[in-house]
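Please work through the following exercises with the sequence and the structure at hand. Each task is followed by a solution in steps.

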Amino acid sequence: MKRTLGFIIGVVLALVLLNLLASLLNIAFLRPWSAAPPADSPAIHKIVGAAHIHTRHSDGSGGLQEILTAARSSNLDFIWITDHNTLALLDSGRLHRQPLVLVGAELSLQPGHLLVYGLSQWTSEQRMGGLRGILDSLEHRKGIALLAHPYHPKMRWREPVDDRIHGMEVLNADVEWRNDRPLEMLGTLVAYPFFRHAMNFLIDYPRRELHLWDSLSVRRRFIGIGSVDAHAKIKLSKTSYWKFPPYDRVFSLIQNVLYVREPLASEPEPARRQVLEALRAGRLAFGFAGLGDLRMATIWLEADTGIYLPGETIEVDRETSLRLHIRLPREHQFETYLYRDGVRIAGSRLKTITWAIQEPGVYRVAIFQRRIRPTRFSRIPIPWLFANPFTIRMAP
Ligand SMILES: [Zn+2]
Ligand SMILES: [Zn+2]
């Protein structure tokens, strides 16, 4: 009996060890790519930022200075702070330009968590007004309201999505690693001290979120973003916590790239307006920057009337010819897909792609990196970048 038990424990331990070794091997091949941005693309300025950040003013562990330092080390142009139900940093955030600081909040409302930007105060009257009241004041102030983690296992959004909500988090780092298997988590933790990019191993395809995003985008503009939901805090007991994962690591994992036509202004106020304008228009892509700089991809739509960026709406007539262009770095391998109204209609492994667009619809591009997975002796596609859709309408 004792010998059988010892044998079983031995086998289980050996399997766990083997699994850990396999994880380490796979993680070793997930280093971020570097490359020069692709040549031969129109002049589009790309602004990189991290969204959904908690500080010491709610349940995060860091102060503003610490978070700014982490953002600089991840080369971010902007950060969007969203403490729970407070705008405590509104005044101190205003002054910074490197990176630019947007101070919003993550509001706990009856149907779920809402990420907002543009409120100047958060009062108990507003709280009483609930979701409708918040959306009223945001509309008035030209702010932003996004669903935070609509499928969070504990805090999912529990209502139909109000028409005045601008969009949603398609990626949320906190949700990202909650749905991984315990052995994958363990492998990542073991690899973490050796590989800065260990968390790349936890990247999943956000199937349900993409489905919700697509189904709402078909009806109206509905922005998708990627969020870090950074806390840098894991509670160990009532009084102690572990500062993990640190701000700089999550800042380099999930990012948003805003597409703007003019370089970002040097003063904070006008620069913030540019960022807000691009965000509200959904002129952005988001994804797993931990696998490689998202600015390496360039996506634009060419019409006879000019160049359009992801998130934009184009009115066409029968004569208009439209070409969707994608440029990717030559030295790496990709799989790029095009979706119309949520349905995959084209795919390519090329680095210079031009697709002719003939029908009206909502067109979205998703790019996967093809990465070596040594334990499978092959390359596998890993989700990397999701662009907000181009909406193509027939002119009346
Ligand atoms: Zn939340
Ligand atoms: Zn949060």
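The exercises below concern a predicted model.

**Exercise 1. Domains and their contact**

Task: State which domains the assignment gives, and describe the side of domain 1 that touches domain 2.

Solution.
1. The domain assignment divides the protein into domain 1 (40–296) and domain 2 (297–396).
2. Between the C-alpha centres of domain 1 and domain 2 there are 24 Å.
3. The contact involves 27 residues of domain 1 and 25 residues of domain 2.
4. On the side of domain 1 that touches domain 2, the elements giving two or more residues are helix H7 (207–217), strand S7 (223–227) and strand S11 (284–288).
5. S11 contributes the most to this side, with 5 residues.
6. Sorted by class, this side of domain 1 holds 16 nonpolar, 7 polar and 4 charged residues.
7. Within H7, the residues Glu209, Leu212, Trp213, Asp214, Leu216 and Ser217 are buried. They pack against strand S6 (167–172), S7, strand S16 (334–340) and strand S19 (361–373).

**Exercise 2. The largest nonpolar core**

Task: Identify the residues that touch the most other members of the largest nonpolar core, and explain where this core lies with respect to the domains.

Solution.
1. The largest nonpolar core has 101 residues, and those touching the most other members are Ile79, Leu102, Val116, Ala145, Leu146, Val228 and Val275.
2. Because domain 1 (40–296) and domain 2 (297–396) both supply residues to this core, it lies between them.
3. Val228 serves as an example: apart from neighbours within four places in sequence, its contacts are Ala50, Ala51, His52, Ile53, Ala173, Val250, Phe251, Leu253 and Ile254.
4. As a general tendency, nonpolar side chains in soluble globular proteins are buried together.

**Exercise 3. The pairing of strand S1**

Task: Determine how strand S1 (residues 45–53) is covered and with which strands it is bridged.

Solution.
1. S1 is mostly covered, as 7 of its 9 residues are buried.
2. S1 runs antiparallel to strand S10 (residues 254–260), and 5 bridges join the two. Here Val48 is opposite Val257 of S10.
3. S1 runs parallel to strand S2 (residues 78–84), with 4 bridges between them. Here Gly49 has Phe78 of S2 as its bridge partner.

**Exercise 4. The buried face of helix H6**

Task: Explain how the buried residues of helix H6 (residues 182–191) are arranged around its axis.

Solution.
1. The buried residues in H6 are Gly187, Thr188 and Ala191.
2. Viewed down the axis of H6, they fall within an arc of 100 degrees and therefore line one face of the helix.
3. Helix H1 (2–28) is included in what covers these residues of H6.

**Exercise 5. Backbone exceptions**

Task: Locate the cis peptide bonds at Pro99 and Pro245 and the positive phi values of Asn75 and His149, and decide whether Asn75 and His149 are buried or partly exposed.

Solution.
1. The reference point is that most residues other than glycine have a negative phi, and most peptide bonds are trans.
2. Gln98 and Pro99 are joined by a cis peptide bond with omega about -5 degrees; Pro99 lies in the loop between helix H3 (90–93) and strand S3 (100–109).
3. The bond from Phe244 to Pro245 is also cis, with omega near -15 degrees; Pro245 is in the loop between strand S9 (241–242) and helix H8 (247–251).
4. Asn75 has a positive phi, near 55 degrees, and is located in the loop between helix H2 (64–73) and S2. It has 14 C-beta neighbours inside 10 Å, so Asn75 counts as partly exposed.
5. His149 has a positive phi near 25 degrees and sits in the loop between strand S5 (144–147) and S6. It has 27 C-beta neighbours inside 10 Å, so His149 counts as buried.

Definitions and conventions. Residues numbered from 1 in each chain as written. Chains lettered and ligands numbered in written order. Predicted model: local features only at pLDDT ≥ 70, side-chain atom pairs only at ≥ 80, totals over all residues. Core = buried A, V, L, I, M, F, W, Y, C linked by C-beta atoms within 7 Å. Buried ≥ 20, exposed ≤ 12 C-beta atoms within 10 Å, placed from the backbone. Domains from an automatic or database assignment. Contact = placed C-beta atoms within 7 Å. Arc of directions from axis to C-beta. Nonpolar A, V, L, I, M, F, W, Y, C, P; charged D, E, K, R; others polar. Pairing = 2+ DSSP bridges.
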